[in-house]
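User: Hi, can you walk me through some side-chain contacts in this protein? Short answers, please.

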Amino acid sequence: MTDTKTHLHRDLRNARESLLWKLDGLGEYDLRRPMTPTGTNLLGLVKHIGGIEAGYLGEAFGLPVSDPPPWFADDPDEPNTDMWARSEESSAVIIGFYRRVWAHADATIEALDLDAPGTVPWWPAEDADVTLHRMIVLMIGETNRHGGHADIVRELIDGAAGLRPDFIGLPEGGEAWWADYRDRLGQAARKAAGQ
């Protein structure tokens with residue numbers, strides 16, 4: 001039987017891979033362009049989640065990343081600085097940072113027990129004391145949440161959808177099937193709204 005930490009670590013690794021897969025095959029413009037009214041973009045999601053993981057599975061346990069990227073020192077008064085990539089920040093640098101964070105967080109997970117104590121200094125004092133278990137669960141949730149955003153953004157860019165390359169997880173109906181499906185959903189929505 002596999003232990004809880006092994007299961008949680010596997011789930012985190014799967015969520016990371018799924019998120020990063022959403023960037024495959026796209027050029028710089030599509031990686032960066034805002035696709036929602038709030039500016040959500042693929043590379044910004046990766047930049048953001050890399051920073052979160054560096055904090056929650058590194059700094060919170062007294063193990064900050066040794067080579068933080070320049071955007072860690074950005075102006076704290078600029079909202080959403082970690083949610084988009086400036087033109088001078090290459091996708092290779094941002095993706096490379098995320099992969100280094102994986103290795104750093106993986107080392108933290110391997111070195112500590114699930115009940116190892118940590119402190120999240122940017123949280124309110126009454127909530128700041130945490131365990132590794134709590135932070136792994138939090139990171140699985142955060143990574144999957146932003147992976148869901150990436151699913152939608154990627155589908156808006158070029159229609160690509162699915163969970164991961166080896167398991168798409170969607171019906172294989174073809175273009176006509178999906179058009180009919182969307183039509184049926186629209187009809188149901190109008191009927192429910194009394195239209």
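User: Is E28 buried, partly exposed or exposed?
Analyst: E28 is partly exposed, at 37% relative accessibility. Keep in mind that this is a predicted model.

User: Which residue does E28 form a salt bridge with?
Analyst: R32. The closest N and O atoms of E28 and R32 are 2.8 Å apart. Both residues lie in helix α2. They are 4 residues apart, about one turn of the helix.

User: And R32, buried or exposed?
Analyst: R32 is buried, with a relative accessible area of 18%. The cut-off for buried is under 20%, so R32 falls on the buried side.

User: Which residues do salt bridges with shared partners join into one network?
Analyst: R13, R16, E53 and D106.

User: How many salt bridges are there?
Analyst: The count comes to 11. One of them pairs the side chains of R16 and D106, at 2.8 Å from N to O.

User: Where do R16 and D106 sit in the chain?
Analyst: R16 is in helix α1, residues 4-21. D106 is in helix α4, residues 91-111. They are 90 residues apart, so the pair links distant parts of the chain.

User: Are those two buried or exposed?
Analyst: R16 is buried, with a relative accessible area of 1%. D106 also counts as buried, at 16%.

User: What about K22, which partner does that one have?
Analyst: K22 forms a salt bridge with D151. Their closest N and O atoms are 3.0 Å apart. This pair also links distant parts of the chain, with the two positions 129 residues apart. D151 lies in helix α5, residues 132-158.

User: Buried or exposed, K22 and D151?
Analyst: K22 counts as buried, at 2% relative accessibility. D151 is partly exposed, at 27%.

User: New topic. How many aromatic pairs are there?
Analyst: A search of the whole structure finds 6. Take Y98 and W102, an edge-to-face pair. Their centres are 5.2 Å apart, with 80 degrees between the planes. Both residues are buried, and both lie in helix α4.

User: Stacked or edge-to-face, what are W177 and Y181?
Analyst: W177 and Y181 are stacked. They are 5.2 Å centre to centre, with 10 degrees between the planes. Planes under 30 degrees apart count as stacked, so the 10 degrees of this pair fits. Both sit in helix α6, about one helical turn apart.

User: How accessible are they?
Analyst: Both count as partly exposed, W177 at 32% and Y181 at 30%.

User: Which residues form an aromatic cluster?
Analyst: Y56, W122 and W123 form one aromatic cluster.

Terms used:
Residues are numbered from 1 along each chain as its sequence is written. This is a predicted model: local features need pLDDT of at least 70, side-chain atom pairs count only at pLDDT 80 or more; totals for chains, interfaces and linings use all residues. Side-chain values use heavy atoms; hydrogens and water are left out. A salt bridge is a side-chain nitrogen of Lys or Arg within 4 Å of a carboxyl oxygen of Asp or Glu. Buried means under 20% relative accessible area, exposed over 50%, partly exposed in between (1.4 Å probe, protein chains only). Rings of Phe, Tyr and Trp (its six-membered ring) pair if their centres lie within 6.5 Å; planes under 30 degrees apart count as stacked, over 60 as edge-to-face and the rest as tilted.
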